[in-house]
Amino acid sequence: MLTDNELMDSVKRGDFDAFDQLVLRYQNSAWNIAYRFLGDASEAEDVAQEAFLRIFAGAGRYQSTSGFQPYLYTVVTRLCIDHVRKKRPTYCKKLPAVNDSKPLAVEQEAKQEMEKAIRRAIDLLPPKQRMAVVLRYFEGFRSRQVALAMGISPKAVERALYRGRKKLEPILKHWLEK
Amino acid sequence: MRCKSIRTKLDMYCSGDTEPDLHTKIENHLRTCENCSQTLRHQKAIEALFRQLPAPPVTADFAKRVVAAARRQASLYPQATEKTQYLVRLASGLSVSMRVAAVVLLAAGMTIGFVMGRDTWWRTTTETVGNAQITQDSSAAYGLDCLTEGANGSLVRTYLTLTFEQNGG
C-alpha cells in the first residue's frame, strides 16, 4: 500500500487513480469535520469536495514535511470557517412540513432532543470556538493537533476551548449532570 | 497557580500536551480545589456527550464525484493555476444576471477611472507647459510681458530702452 506522500507525488504528475485512493482514504475524516461544524449534510459535502479539489489543484505546491492528514485538516478547517463567515441567513417562504410520523419510543425521543440541543449549542459558538470544539471533542484531536489544523497557537486553542466550554455548559447542563 | 489559569489548561492536561512540571502543578491544584475539579468533570462529560453522536456516513459515490470534478477541472483548464481554477469554479456558480452585473460594474469602474485619469493628465500637462513658459520668459514671470509688447516708438519701448542703456546692457 502506498503512503500518502507517495500518492501525492503521483497526483502531482496528474495521476487520477492516486487521487481517488487519497479521497477514499480520507473522505470520512473530511466529511465528519465539515458535518459536525456546519450541521448540514449538503453543505458539508460541498465543503469536503471543495477541500479535495483545492488539494488536487495545488498538488504542485504540496510539501511532505508535516504529512497529508494535517494538511487536509487545515484545508477543511479553513474552508468551513470561511463558509460560515460568508453565509447569509436564508428565508423560507414555505414553513417546513410538520412531522406527523408515528411517535418514537421515549428513549429515542430523548436522544433526538439531546442531539438537537447539542447542535443548537454548537451553532451559537463563533467560528473559531466552534471549530476548536468540533476538532477536540467530536474528533478527539489533541490540543496541539487542533492548533496545527487551525493554524493558530496552542495558547489560542486553549482560550477558544475555554470560552467555548463556558458557553456550552449552561446550555447542556441538563445532560451533563445525568 | 490561579484557578482561571488552571481551567484554560485543562484541555491540554487531559490530552497529555502539558510539560511534566505543569502537569504536576495542575494535578496538585485539582486535589485541593473543588471548583476546578468540577470544571474538569464537566469537560469530560462534554467530551463523552459529543462522542455519543455519530455523524451520518458520507455518501457512497462521494469519491467518484470528487474525482470526476477534478478530471473536468483539469481538462477545461490544464495549465491553469490553483487560483484560476478556483475563480472559474466561483464564476460558474454565479447566475447569468450576476455575471452580467459584474461585467457592467467592471466596465463602469474602468470608464470612470479612465475619464478621471485623463482629466488629471490634462491638468498636469497644462500646468507644466505654463510653468515652462514662465521660466523661459522672466518678464512673464513678473507679469511685465505686457510691457514688451508695446509698439515701436511707444512710451513703454522708450522707457525700457533707456533703462536698459543706463544699466550698461
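Student: Why is A:Leu2 called exposed?
Tutor: Start with the rule: a residue is buried if 20 or more other C-beta atoms lie within 10 Å of its own, exposed if 12 or fewer, and partly exposed in between, with C-beta atoms placed from the backbone. A:Leu2 has 12 other C-beta atoms within 10 Å, so A:Leu2 is exposed. This is a predicted model, in which local features need pLDDT of at least 70 and side-chain atom pairs count only at pLDDT 80 or more, while totals for chains, interfaces and linings use all residues. Residues are numbered from 1 along each chain as its sequence is written, and chains are lettered from A and ligands numbered from 1 in the order in which they are written.

Student: Where is the place of A:Leu2 in chain A?
Tutor: A:Leu2 sits in the segment before H1. In space, A:Leu2 and A:Leu22 are 9.9 Å apart from C-alpha to C-alpha, with their positions 20 residues apart in sequence.

Student: What makes A:Ala57 buried?
Tutor: Its count is 21 other C-beta atoms within 10 Å. The cut-off for buried is met, so A:Ala57 earns the word. A:Ala57 belongs to helix H3 of chain A, and its C-alpha is separated by 9.0 Å from that of A:Lys12, 45 residues apart along the chain.

Student: How do you know that the end C-alpha atoms of H3(A) agree with the span its residues should have?
Tutor: A helix here is a DSSP run (H or I, at least four residues; strands are E, at least two), numbered from the N terminus. The expected span is 1.5 Å times one less than the number of residues. For the 17 residues of H3(A) that gives 24 Å, and the end C-alpha atoms are 24 Å apart, so the two agree.

Student: Why is H3(A) called mostly covered?
Tutor: Of its 17 residues, 12 are buried. Among them are A:Ala44, A:Val47, A:Phe52, A:Ile55 and A:Phe56.

Student: Which residues of H1(A) are buried?
Tutor: In helix H1 (residues 4-12), they are A:Leu7, A:Met8 and A:Val11. Seen down the helix axis, these buried residues of H1(A) fall within an arc of 100 degrees, so they line one face. The arc is that of the directions from the helix axis to the C-beta atoms. The cover over them includes helix H2 (16-38), helix H3 (41-57) and helix H4 (68-86) of chain A. Just after H1(A), A:Gly14 has a positive phi of about 85 degrees.

Student: How many residues does each chain bring to the contact?
Tutor: Chain A brings 38 residues and chain B brings 30, where two residues are in contact if their C-beta atoms, placed from the backbone, lie within 7 Å. On the chain B side, H1 (3-8), H2 (10-14), H4 (34-51), H5 (62-76) and H6 (82-92) each supply at least two residues. H5(B) gives the largest share, 9 residues. By class, this side of chain B has 15 nonpolar, 7 polar and 8 charged residues; Ala, Val, Leu, Ile, Met, Phe, Trp, Tyr, Cys and Pro count as nonpolar, Asp, Glu, Lys and Arg as charged, and the others, Gly among them, as polar.

Student: What do the buried residues of H5(B) pack against?
Tutor: They pack against H2 and H3 of chain A. The buried residues of H5(B) are B:Phe62, B:Ala63, B:Val66, B:Val67 and B:Ala70. Down the axis of H5(B) they fall within an arc of 125 degrees, so they line one face of the helix. The face turned away from them carries the exposed residues B:Arg72, B:Ser75 and B:Leu76.

Student: How many helices and strands does each chain have?
Tutor: Chain A has 9 helices and 0 strands, while chain B has 10 helices and 0 strands. Buried residues make up 37% of the 178 residues in chain A and 12% of the 169 residues in chain B.

Student: What is the mean pLDDT of chain B?
Tutor: The mean is 77, and 66% of the residues of chain B reach 70 or more; pLDDT is the predictor's confidence in each residue, from 0 to 100. Among the elements of chain B, helix H8 (residues 138-141) has the lowest mean pLDDT, 54, and helix H3 (residues 20-32) the highest, 92. Where pLDDT is low, the predicted coordinates should not be read in detail. The model scores ipTM 0.80 and pTM 0.67.
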